[in-house]
Amino acid sequence: MSEAKTVTVGTATARPGEVVRGFIPVTELAGGSKVEIPLVIVNGVKPGPVFWVDGAIHGDEPEGPLACAIALKEVDPQQLSGTLVMVPVMNVMAFENANRGNPLDTFSFDMNRIYPGRANGYLSERVAWAHSQWMSKVADFEISIHSGGAHSFLAKAIFVDESPASVELAMAMGEGWGCIMSNFLPKGSPMAQMKEIGKTGITVELGGRSATSPERFAHVARELANSILNILRHYKMYPGTATYPTDATKGQQEALLAPASGIFIPTPGVDFLKPMTKGQSIARIVNIFGDELAELVAPADGMIFGLRALPNVNTGDWCCFFNKVEGARVWPA
């Protein structure tokens, strides 16, 4: 039987049984402050794969960092087979400004559109590049944790590239994660990079502005931490029995935009991840006097998994994310 290995990421080197924090160095700013990406390695005492978790590639999405903090307290390296690497905050400068992207970088503002970046590119591209070099080298499979950030709330949803390995990883997120949508050719994201090098990554969504009360924020982070632990259990990296969604679907995302300006009012009875039929009312838009201007309806049989947080909208504003369900997902295939 092979032995557990020492794992290095950036400045952190963890021998079997160790938990070590460190950084991925990137560059320095004009005032001399360092640009680096914090990480933690939980290295098990037994051999196994490397599971890599990324949070806050968008700086206004704090659910991932808190989920990583919870998981860090609960994963014992003495019971772990393989390695858990967590990067709670990928986009540090964006996170420090509670902004989707780094406000110092106009030209590559959204790191989840320009990943894996460029070694000689704009600032966010260089951050992405430094991260991608280590993730590509070390990780066997990866999840990127997202939420609705400052603009919306997103229920439990996952994007996969439809490879068997990505579907398996999605199902390993656990109970309640049945809204699984296809992204056959991902671009500009860690998931896309993992696919490019023949490994597995998925994008998961949960949380956002409508769930930032103390109780709801804690609940969302707990759910995400549960999924980190569930994935470890599924891959036999940690003791315990994994759970799986019982109602998993295969579908395609469609963003629904406001056809008029006014106040966005969801239709009574509409709820996240609740099955809907084509043409069913999702919301209406009224003007400031209450006159109805437009109605949003389900574009196909499926379910909503995201709604805007602020009800005031202008024509063309994003209103809703809809999963156009194509059928039940059978796993294993």
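**Exercise 1. Where does Pro332 lie, relative to strand 17?**

Solution. Pro332 lies in the segment after strand 17 (318–328). Strands are DSSP runs of E with at least two residues; helices are runs of H or I with at least four; both are numbered from the N terminus.

Before going on, note the ground rules. This is a predicted model: local features need pLDDT of at least 70, side-chain atom pairs count only at pLDDT 80 or more, and totals for chains, interfaces and linings use all residues. Residues are numbered from 1 along each chain as its sequence is written, and side-chain values use heavy atoms, with hydrogens and water left out.

**Exercise 2. Find the cis peptide bonds that precede Pro332 and Pro116.**

Solution.
- Step 1. Go to Trp331. Its peptide bond to Pro332 is cis, with omega near -5°.
- Step 2. Go to Tyr115. Its bond to Pro116 is also cis, with omega near 10°.
- Step 3. Place Pro116. It sits in the loop between helix 3 (111–114) and helix 4 (123–138).
- Step 4. Recall the background: most peptide bonds are trans, and most residues other than glycine have a negative phi.

**Exercise 3. Describe the setting of Glu125.**

Solution.
- Step 1. Glu125 belongs to helix 4.
- Step 2. Its relative accessibility is 10%, so Glu125 counts as buried. The classes are buried (under 20% relative accessible area), exposed (over 50%) and partly exposed (in between), with a 1.4 Å probe and protein chains only.
- Step 3. List contacts (heavy atoms within 4.5 Å). Leaving out residues up to four places away in sequence, Glu125 touches Asp105, Ser108, Ile114, Pro116, Gly117 and Arg118. Pro116 is the residue that follows the cis bond from Tyr115.

**Exercise 4. Locate Ala98 and Leu273, and give phi and exposure for each.**

Solution.
- Step 1. Ala98 is in the loop between helix 2 (92–96) and helix 3. Its phi is positive, near 50°. Ala98 is exposed, at 55% relative accessible area.
- Step 2. Leu273 is in the loop between strand 12 (262–266) and strand 13 (281–286). Its phi is positive too, near 60°. Leu273 is partly exposed, at 28%.

**Exercise 5. Check the span of helix 7 (residues 214–234).**

Solution.
- Step 1. The expected span is 1.5 Å times one less than the number of residues.
- Step 2. Helix 7 has 21 residues, so it should span 30 Å.
- Step 3. Its end C-alpha atoms are 30 Å apart, which agrees.
- Step 4. Look at burial. Buried residues of helix 7 include Val220, Leu224, Ile228 and His234.
- Step 5. Step just past the helix. There Lys236 takes a positive phi of about 60°.
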